[in-house]
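The following questions and answers concern charged side chains and a metal site. Please consult the sequence and the coordinates alongside them.

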Amino acid sequence: MTDTASEPTFRDVLTQIEAEDRAARVRDVRYTLDIDIQPKASRYRGKATIDFHSAVEGPVFLDFRGRDILRLTVNGVEMEPDRRGYRIYLPEEALGAENTIEIEYENEYDHTGDGFHQFIDPEDGREYLYTNFEPFEAHRLFPCFDQPDIKARYRLTVRAPSEWEVISNSRAMRREPRSDGRTEWEFAETPPFSTYLFALVAGPYRVVRDRHGDLELGLYVRESLLRYLDHDEVFEVTKQGFEFYTDFFGYPFPFDKYDQIFVPEFNAGAMENVGAVTHNEYMVFRDPPTESQRRGRAETILHELAHMWFGNLVTMRWWNDLWLNESFATFMAYLALERATRFKTAWQDFNATIKNWAYRQDQLPTTHPIAGEVRDTEETFLNFDGITYGKGASVLKQLAAYIGLDAFRDGLRQYFRQYEWGNATLRQFLAALETGSGRDLKAWAHLWLETPSLNTVSVDWEADDGQLRRLEVRQSAPPEFPTLRPHRLDIGLFRRTKEGYEVTVLPAEIEGERVEIPEAIGLPKPHFVLPNYNDLAYAKVALDQASLEHVLRHVGDVDDTLSRQLLWSALWNMTRDAQLSPLRFIRLVLDEAAKEPLPELADAILNQGLAALGRYVPDRLRLAEAHRFFERAWEALHEVPPGDPKILWGRALVAAASTPDDLHRLGELADGKHAIEGFTLDQEMRWTLVTKWMAHGLPGAEERLEAELRRDPSDRGQRARLRTLVSRPDAAVKAEAWEKFQGDGYGSLYLTVAAMSGFNWWHQRDLLEPYVERFFEAVRGIFETKTLEYARAYFQQLFPAYRVEDGVAERAKALLAEVPESMPPLRRLLLEAIDEAERALRCRAAAR
Ligand SMILES: [Zn+2]
């Protein structure tokens with residue numbers, strides 16, 4: 001019996017087995033591409049000529065997700081395309097050793113941020129196009145062997161409106177105006193690289209040029225954003241990166257120019273296309289940025305630049321090594337920040353952001369080993385997470401410390417020479433480092449790359465007569481992932497004196513559950529003990545009760561920035577583990593954040609305080625706590641110096657505003673009826689204010705919306721408008737928006753996500769009651785019929801996370817039981833949502 005209804009929907013996926021098989025058949029590939037662009041059209045035309053050598057007899061397929069194939073010839077013979085799903089099968093009998101395939105086709109633009117994305121600027125009606133392909137989307141622009149280890153050379157010709165810029169991976173060799181108002185661009189043939197690194201960007205972008213030695217550098221941005229682009233700083237960091245990497249890698253920049261393009265509606269932070277990096281436009285600062293935002297942008301610039309060598313010159317064979325690609329670029333970016341730029345606190349920021357991200361992700365039930373199997377391209381998509389980027393970078397940092405940075409660098413230099421223009425695996429990378437350092441890294445790799453999750457390290461101690469009598473280091477592991485690991489760490493014994501804290505450092509090594517540190521006996525009794533002082537180990541820290549009590553009173557008095565940061569990180573982890581009341585944590589944040597001298601740390605703890613307020617405070621206390629937060633932020637805004645502190649507290653003020661009274665006060669501040677010296681609400685804050693006014697049904701919200709749209713008619717304004725309109729506490733508005741979310745949304749994915757983000761509000765609980773069950777009924781169908789990007793956004797924005805209650809967690813579990821193993825993305829999101837709901841319930845129970 002055949003039951004077609006239970007057949008899975010055809011998905012656009014390539015498995016590792018298929019890729020290995022194809023890589024053995026196909027080599028020496030060249031794509032000659034001709035792309036024809038008409039202004040403001042819904043479609044474009046292309047012609048791809050694909051030359052390749054076939055090493056083994058047998059059929060071969062091309063990946064292709066285009067619309068219509070107009071003509072196909074295989075070695076000069078025209079034939080009917082054999083299209084199955086998202087593939088074109090080339091018949092075995094038509095292929096020889098040397099092959100030429102010609103395909104003429106027509107395709108629609110994409111509006112999801114992937115493929116060939118089309119964007120119309122609402123401010124001036126101009127049209128902008130760009131591609132985004134990682135991991136498996138290049139075949140949306142042209143038919144190809146879309147896998148990282150079939151590298152190819154590319155020759156590109158494009159016809160586009162004459163007033164446009166056209167940017168690709170290599171230099172433009174020819175620009176020829178035509179009689180139809182368009183210009184034909186021809187680009188130099190490229191060296192070999194993987195399909196996911198190909199780029200085509202086109203539109204009336206504005207360009208700023210510079211050079212680094214002989215190398216041409218370009219920065220491109222939309223016309224309407226040009227006035228915000230601080231190109232000096234972007235070029236400065238880029239050049240510092242070039243200096244640092246060419247020296248450290250001992251290998252010159254491998255490509256012929258370097259452009260960076262800020263593109264609209266971009267899904268990620270940036271993408272390292274060969275010679276044509278695309279950046280998310282949030283890095284063009286429309287509002288005054290904090291130093292931490294500038295540092296974040298510099299990190300991204302350096303991350304993408306590192307990929308030109310690691311990732312683009314030498315590329316992973318398959319997506320199971322994506323983690324190495326990303327971790328490496330992240331680690332190198334921080335190293336370059338510290339060594340070559342003005343952002344000298346890079347490693348502290350690494351601790352506050354990257355390492356904390358890794359810890360958080362590593363505590364989820366869906367954590368995974370850093371190095372694992374990736375069976376197909378869909379699993380690749382799921383693996384762009386805190387383990388890939390954060391934990392991977394943390395353990396690479398540990399590895400570089402373990403073998404020494406010089407040995408690490410020597411190993412890398414050999415790696416680039418040995419595998420240039422080709423592909424390599426983790427094993428080959430480690431072998432190069434083993435040669436560089438003379439050490440065997442197998443045991444290290446097994447322990448850190450092949451086991452998931454993390455350990456918690458704590459210290460148990462006793463003292464009398466002012467002296468330590470016993471001190472023991474302990475480690476634990478969660479029951480689901482019971483691996484204990486050897487850790488080498490420092491224990492910091494802090495004693496409070498009139499001059500500040502005195503620290504005695506005890507080195508310790510632990511392999512099993514506990515180890516006594518005899519050197520501690522007889523030392524003066526500390527006021528508190530910090531495990532993992534100096535941050536050498538990758539492990540979560542729990543403070544003992546006596547230390548916790550002291551730290552809660554005096555954390556702000558600890559002079560050493562890294563220690564203070566580690567203490568805050570321990571306090572936040574203990575809050576999330578329900579070992580510390582979220583109310584106490586929030587009090588502490590409100591008392592200390594204004595005194596914190598490191599803006600990045602002040603930023604981090606304010607955000608943690610707001611996260612605790614939003615998730616871990618019981619409903620009955622929430623408004624009072626929010627009001628307290630608002631009051632404190634209002635006060636702090638008067639006290640703190642201008643610059644970053646005022647921006648950070650301003651953001652906190654807007655985020656905390658939850659009662660109608662507080663929202664009115666905020667409105668008066670926005671309208672200039674109140675003034676706080678040195679502070680004005682920026683446009684992003686004003687938009688949040690308008691959305692909240694609408695969500696709370698305050699009279700005058702409509703007028704505010706109209707006024708802000710006049711101030712900010714940009715794409716950002718359009719997104720804020722959608723979010724605000726969907727926020728209105730009105731059953732008809734919610735019903736209409738809900739229908740759109742089930743269908744085609746609001747045009748582009750970006751606009752749809754903006755609308756979704758206005759749907760759920762904690763205080764609209766009664767109005768939203770029907771949508772709890774509707775979400776659980778609809779979400780599986782969304783994953784079966786929509787793109788993964790859409791489905792993931794749907795889940796993240798519309799899951800009723802604002803209801804922290806057993807019923808929601810139970811309903812999610814019931815759905816999980818019905819979702820088949822063949823749908824890992826949905827299963828993963830459900831597991832994480834259940835875990836977060838249960839964690840929030842535990843934290844609320846601990847709120848005292
Ligand atoms: Zn990257």
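Q: Which residue forms a salt bridge with Glu233?
A: In this predicted model, the closest N and O atoms of the pair are 2.8 Å apart. A salt bridge requires such a distance to be within 4 Å, so the contact qualifies. The partner of Glu233 is Arg342.

Q: How many residues apart are Glu233 and Arg342?
A: Glu233 belongs to helix H2, whereas Arg342 lies in the loop between helix H4 (322-340) and helix H5 (346-362). The pair thus links distant parts of the chain. The separation is 109 residues.

Q: Is Glu233 buried or exposed?
A: The relative accessible area of Glu233 is 14%. Buried means under 20%, so the classification of Glu233 follows directly from its value of 14%. Glu233 is buried.

Q: What relative accessibility does Arg342 have?
A: Arg342 counts as partly exposed. That class lies between the cut-offs of 20% for buried and 50% for exposed. The value for Arg342 is 43%.

Q: Which residue forms a salt bridge with Arg222?
A: The closest N and O atoms of this pair are 2.6 Å apart. Arg222 is in the loop between strand E17 (215-221) and helix H2 (231-249), and its partner is in the loop between strand E20 (276-280) and helix H3 (291-307), 59 residues apart. Both residues of the pair are buried. The partner of Arg222 is Glu281.

Q: Which side chain meets Arg174 in a salt bridge?
A: The N to O distance of the pair is 3.1 Å. Arg174 is partly exposed at 25% relative accessibility, and its partner is partly exposed at 42%. Both residues also belong to one network of salt bridges that share partners, which includes Asp34, Arg159 and Arg178. The side chain that meets Arg174 is that of Glu176.

Q: How many salt bridges does the count come to?
A: The criterion is a side-chain nitrogen of Lys or Arg within 4 Å of a carboxyl oxygen of Asp or Glu. Among the pairs are Arg222 with Glu281 and Glu233 with Arg342. The count comes to 91.

Q: Which residues are the protein donors of the zinc ion?
A: The donors lie 2.0 to 2.1 Å from the ion, and their spacing in sequence is H-x3-H-x18-E. The two histidines both lie in helix H3, 4 residues apart, about one turn of the helix. The donors are His303 (NE2), His307 (NE2) and Glu326 (OE).

Q: What is the relative accessible area of His307?
A: His303 counts as buried at 6% relative accessibility. His307 is buried as well. The value for His307 is 0%.

Notes. Residues are numbered from 1 along each chain as its sequence is written. This is a predicted model: local features need pLDDT of at least 70, side-chain atom pairs count only at pLDDT 80 or more; totals for chains, interfaces and linings use all residues. Side-chain values use heavy atoms; hydrogens and water are left out. Buried means under 20% relative accessible area, exposed over 50%, partly exposed in between (1.4 Å probe, protein chains only). Donors are N, O and S atoms within 2.8 Å of the metal (3.2 Å for Na, K and Ca); water is not among the atoms, so sites may look incomplete.
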